[in-house]
Amino acid sequence: LTRPQVHKNKLLQPADRPPDRSCYGADKFRSQALSIRILANFTFVRNYSSHPDVTALQLLDKDFRSLPIAHVKASYNNTIITITDMKGKTIDWASGGTEGFKNAKRSTTYAGQSAGEAAAKKAIKKGIDKVRVKVKGMGPGREASLQGLQMGGLEVVSITDVTPIPHNGCKPKKTRRL
């Protein structure tokens, strides 16, 4: 018999017990057959949380993880598209500047679209037909580059926004006076 757990002068029932505090939750699955069956379909992934013990069980398809990634960096001055393999090694890239746009024209939506088309054509030449897209930044070529990737012949499987958002970090630049 196990002793009942007491938490803050209150007897806990099994449903009220605090969650397991193991790092990745591996202690939760005692039977080997159950853990092998679960780990065949799921992968333990740490949440982006401020609390170190927060974990998540997330379904990650093996085919999805093996897809190449198209990183779109849309700044206010240019749109850069880098196509990498699943490990992050660069396969090819294109940008508004490499497509022949100069100065302020690099930041237009048309430059982003043509950079997307060029990156897609380069990727297709190297045997890539499906990509997952990670978009970073708030520039004007943001959505246009996604259209360019699709118009160039790539199948976009997923779109993820990875724009860094400060949680009141650095002090912003002073406002421009025109």
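**Close-up views of a predicted model**

**View 1. T79, a buried residue of strand β4.** T79 has its place in strand β4. The model shown here and in the views below is a predicted one. Is T79 buried or exposed? With a relative accessible area of 0%, T79 is buried, because buried means under 20%. Leaving aside neighbours within four places in sequence, T79 is in contact with V72, K73 and A74, with A94, S95 and G96, and with R106, G112, A115, G141 and S145. Two of these partners come up again in later views: G112 is among the buried residues of α3, and S145 is among those of α4.

**View 2. Helix α3 along its length.** Start at one end of α3 and follow the backbone to the other: the helix has 17 residues and reaches 25 Å from its first C-alpha to its last. That is close to the 24 Å expected at 1.5 Å a residue. The buried residues of α3 are A111, G112, Q113, S114, A115, G116, A118, A119, A120 and A123. Which elements do they pack against? They meet β4, β5 (90–95) and α4. Just after the helix, look for G127, which takes a positive phi of about 90 degrees.

**View 3. Where α3 meets α4.** Helix α3 (residues 109–125) and helix α4 (residues 142–151) pack with their axes 7 Å apart, at an angle of about 35 degrees. As α3 passes α4, the crossing is right-handed. On the α3 side, the contact is made by T109, G112, Q113, G116, E117, A119 and A120. On the α4 side, the residues are A144, S145, Q147, G148, L149 and M151. How many residues of each class take part in the contact of α3 with α4? There are five nonpolar, seven polar and one charged. Glycine counts as polar in this tally.

**View 4. Helix α4 and its surroundings.** In α4, the buried residues are R142, A144, S145, L146, G148 and L149. Against which elements do the buried residues of α4 pack? They pack against β3 (69–74), β4 (79–84), α3, β6 (130–136) and β7 (155–161). Follow the chain on from α4 and you reach G153, whose phi is positive, near 115 degrees.

**View 5. L149 and the largest nonpolar core.** This core has 18 residues, and those with the most contacts inside it are I83, V133, L149 and L154. The elements giving two or more residues to the core are β3, β4, α3, β6 and α4. Of these, α3 gives the most, with five residues. Centre the view on L149 and leave out residues up to four places away in sequence: L149 then touches A70, V72 and I81, G116, E117, A119 and A120, and also V133 and L154. As general background, nonpolar side chains tend to be buried together in soluble globular proteins.

**View 6. G139, a buried glycine in the loop before α4.** G139 has its place in the loop between β6 and α4. Its relative accessible area is 6%, so G139 is buried. Which residues does G139 touch, not counting those up to four places away in sequence? They are A74, S75 and Y76. G139 and A74 are 65 residues apart in sequence, but their C-alpha atoms are 4.6 Å apart in space.

**View 7. G152, a buried glycine in the loop after α4.** The place of G152 is in the loop between α4 and β7. At 14% relative accessibility, G152 counts as buried. Leaving aside neighbours within four places in sequence, G152 is in contact with E117, A120, K121 and I124. The C-alpha atoms of G152 and A120 are separated by 5.0 Å, although these residues are 32 apart along the chain.

**View 8. Two asparagines with a positive phi.** Most residues other than glycine have a negative phi. N103 is not a glycine, yet it has a positive phi of about 50 degrees. Where does N103 lie? Its position is in the loop between β5 and α3. N103 counts as exposed because its relative accessibility is 64%. Now turn to N168, which lies in the segment after β7. Its phi is also positive, near 55 degrees, in a residue other than glycine. With a relative accessible area of 78%, N168 is exposed.

Methods: Residues are numbered from 1 along each chain as its sequence is written. This is a predicted model: local features need pLDDT of at least 70, side-chain atom pairs count only at pLDDT 80 or more; totals for chains, interfaces and linings use all residues. Side-chain values use heavy atoms; hydrogens and water are left out. Axes are lines fitted to C-alpha atoms, for helices over the stretch in contact, and angles run from 0 to 180 degrees between N-to-C directions. Helices (H or I, at least four residues) and strands (E, at least two) are DSSP runs, numbered from the N terminus. A crossing is left-handed if the near helix is turned anticlockwise from the far one by less than a right angle, and right-handed if clockwise. Contact means heavy atoms within 4.5 Å. Buried means under 20% relative accessible area, exposed over 50%, partly exposed in between (1.4 Å probe, protein chains only). A nonpolar core is a set of buried Ala, Val, Leu, Ile, Met, Phe, Trp, Tyr and Cys residues joined through side-chain atoms within 4.5 Å. The expected span of a helix is 1.5 Å times one less than its number of residues.
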